[in-house]
Amino acid sequence: MEAAVKGWHFSGLYCQSYSEKPRVSWRESCSFQGLSRGFWRKTLPLEVNSSEPNSSSIPSLRGGYVLRRKGIQVLSPHISSPSVPVEFLDAWEDEYDGVVINPENLPSSANAFASALRASMSNWELKGKRGIWLKILLEQADLVPIAIQEGFNFHHAEPGYVMLTYWLPNEPCLLPASPSHQIGIGGFVMNHKREVLVVKEKCPCSCSGVWKLPTGYINKSEEIFSGAVREVKEETGIDTIFLEMVAFRHAHLVAFEQSDLLFVCMLKPLTFEITVDEKEIQAAKWMPLDEFVSQPFYKEDHMSRKVIDICISKYDNRYNGFIAHQMTSKLDRKLSYLYYNEPEKI
């Protein structure tokens, strides 16, 4: 589905994974020897104030306990962890000498999670590990404050989970930043009458009232060319096939202060009868090319006009864009698309 605000001329068109080595369970491969020299060495006498109603205590990684009062966690430096057996968190190493904690096997209680996290972090520090990745699922959300109080930082979030990280070495963090880009597409479709498929947006943005190319976001794990074909179909009912990627624009500090990539795709129409999706756009039609480019908007917006000029040149075989070639890379052993222009054979 298309975002609420879109346009060619401004960044509001809108609306890393880590590789895994074979998983090695720390609970199987690690011992508790040397944990007293670990990350948090502070030990204090156990002092639990029994006068606190509806309260319980959770071990803190920085020494002391976190008091829980009616669902609110309060860090108390006056309480230390009792001498009870602690297990390591289930985790595996990544290829960058870091650790990925298994989100499916976190302790069910906050008390057990804090104790296991403390023991695991101490052990990982002793073993010279670097970045720690902690994925907490929605149903485990009560564990997030505990991790945050112990120095973990938010990395990114998706529906159903939040990812937190911790950098163990006493040096600048080298973990990759969170996802920073949104990807949008625009589809240029022209029929044999040299009429361009255009839409008029419902949104009260700067392109309101302008006849423009269909645009939108690609979906998660969707190919760029597939997203262009889908958006044109959703907005206008026109079936198309992908020909070439003819241009792209890179902008920064757009929606949610993210960067933005907009890929312009040349599409060939297979059908011609328009069916407007009124939930997404106000209107759609086939517009004569001269009438389309003579709109005041395109006389004032040099980038949008340049995009149209490139598309016209491609239609007239005076410009070559990028074709999608499917191939496998040895780096990740995955089948994906490389966009490039075939060199002319001499």
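User: Hello! Which residues do ring pairs link into a cluster here?

Analyst: Ring pairs join Phe225, Phe242, Tyr337 and Tyr339 into a cluster. Please keep in mind that this is a predicted model.

User: How should I read a pair of rings, and how many aromatic pairs does the structure hold?

Analyst: The general idea is that two values describe a pair of aromatic rings: the distance of the centres and the angle of the planes. In this structure there are 8 aromatic pairs. Let's take Phe242 and Tyr339: their ring centres are 6.4 Å apart and their planes stand at 85 degrees, so this pair is edge-to-face. Planes over 60 degrees apart fall in that class. The pair also links distant parts of the chain, with Phe242 in strand S13 and Tyr339 in strand S17 (residues 335-340), 97 residues apart.

User: Are Phe242 and Tyr339 buried or exposed?

Analyst: Phe242 and Tyr339 are both buried. For contrast, let's turn to another pair. The rings of Phe272 and Trp286 have centres 6.1 Å apart and planes at 40 degrees, so they count as tilted. Phe272 sits in the loop between S14 and S15, while Trp286 belongs to strand S15, 14 residues apart, and this pair too links distant parts of the chain.

User: How accessible are Phe272 and Trp286?

Analyst: Phe272 has a relative accessible area of 43%, so it is partly exposed. Trp286 has 16%, so it is buried. The cut-off for buried is under 20%.

User: That helps. What share of the whole protein counts as buried?

Analyst: Among the 346 residues of the protein, 47% count as buried. About 18800 Å² is exposed, and carbon and sulfur atoms supply 53% of that area.

User: Now to charges. What lets two side chains of opposite charge pair?

Analyst: Such side chains can pair when their charged atoms come close. A search of the whole structure here finds 13 salt bridges. One of them joins the side chains of Asp260 and Arg249, with N to O at 2.3 Å. Asp260 lies in strand S14 (residues 259-269) and Arg249 in strand S13 (residues 240-251), so this salt bridge ties together parts that are 11 residues apart in sequence. Asp260 and Arg249 are both buried.

User: Which residue does Asp309 form a salt bridge with?

Analyst: Asp309 pairs with Arg305, and their closest N and O atoms are 3.0 Å apart. Because Asp309 and Arg305 are 4 residues apart in helix H7 (residues 302-315), about one helical turn separates them. Asp309 counts as partly exposed at 30% relative accessibility, and Arg305 as partly exposed at 29%.

User: Where else could I look for salt bridges?

Analyst: Try Arg318 and Asp316, whose side chains meet in a salt bridge at 3.5 Å, N to O. Arg318 is exposed, with a relative accessible area of 57%, whereas Asp316 is partly exposed at 30%. You can also find a network of salt bridges that links Glu222, Arg230, Glu231 and Glu234.

User: Let's move to strands. How many helices and strands does the protein have?

Analyst: The protein has 7 helices and 17 strands. In general, strands of a sheet pair through backbone hydrogen bonds, either parallel or antiparallel. An open sheet of 3 strands shows the antiparallel kind, in the order S11-S10-S15. Its edge strands, S11 (211-212) and S15 (281-288), each pair on one side only.

User: How many bridges join S10 to S11?

Analyst: Strand S10 (residues 195-201) runs antiparallel to S11 and is joined to it by 2 bridges. Lys200 stands opposite Trp211 in S11. Helix H4 (residues 224-236) packs on this sheet and touches S10 and S15; its direction makes about 70 degrees with that of S10.

User: Why is strand S9 described as largely enclosed by the rest of the structure?

Analyst: Strand S9 (residues 181-189) has 7 of its 9 residues buried, so the rest of the structure largely encloses it. S9 runs parallel to S14, with 9 bridges joining them; there, His181 has Ser259 in S14 as its bridge partner. S9 also pairs with strand S12 (residues 215-217) in the antiparallel sense, over 3 bridges. Gly186 has Thr215 as its bridge partner in S12.

How values were computed. Residues numbered from 1 in each chain as written. Predicted model: local features only at pLDDT ≥ 70, side-chain atom pairs only at ≥ 80, totals over all residues. Heavy atoms only, no water. Salt bridge = Lys/Arg side-chain N within 4 Å of Asp/Glu carboxyl O. Buried < 20%, exposed > 50% of the residue type's maximum accessible area, 1.4 Å probe, protein only. Pairing = 2+ DSSP bridges. Contact = heavy atoms within 4.5 Å. Axes fitted to C-alpha atoms, helices over the stretch in contact; angles between N-to-C directions. Areas by Shrake-Rupley, 256 points an atom, 1.4 Å probe, with all protein chains shown as cover. Phe/Tyr/Trp six-rings, centres within 6.5 Å; stacked < 30°, edge-to-face > 60°.
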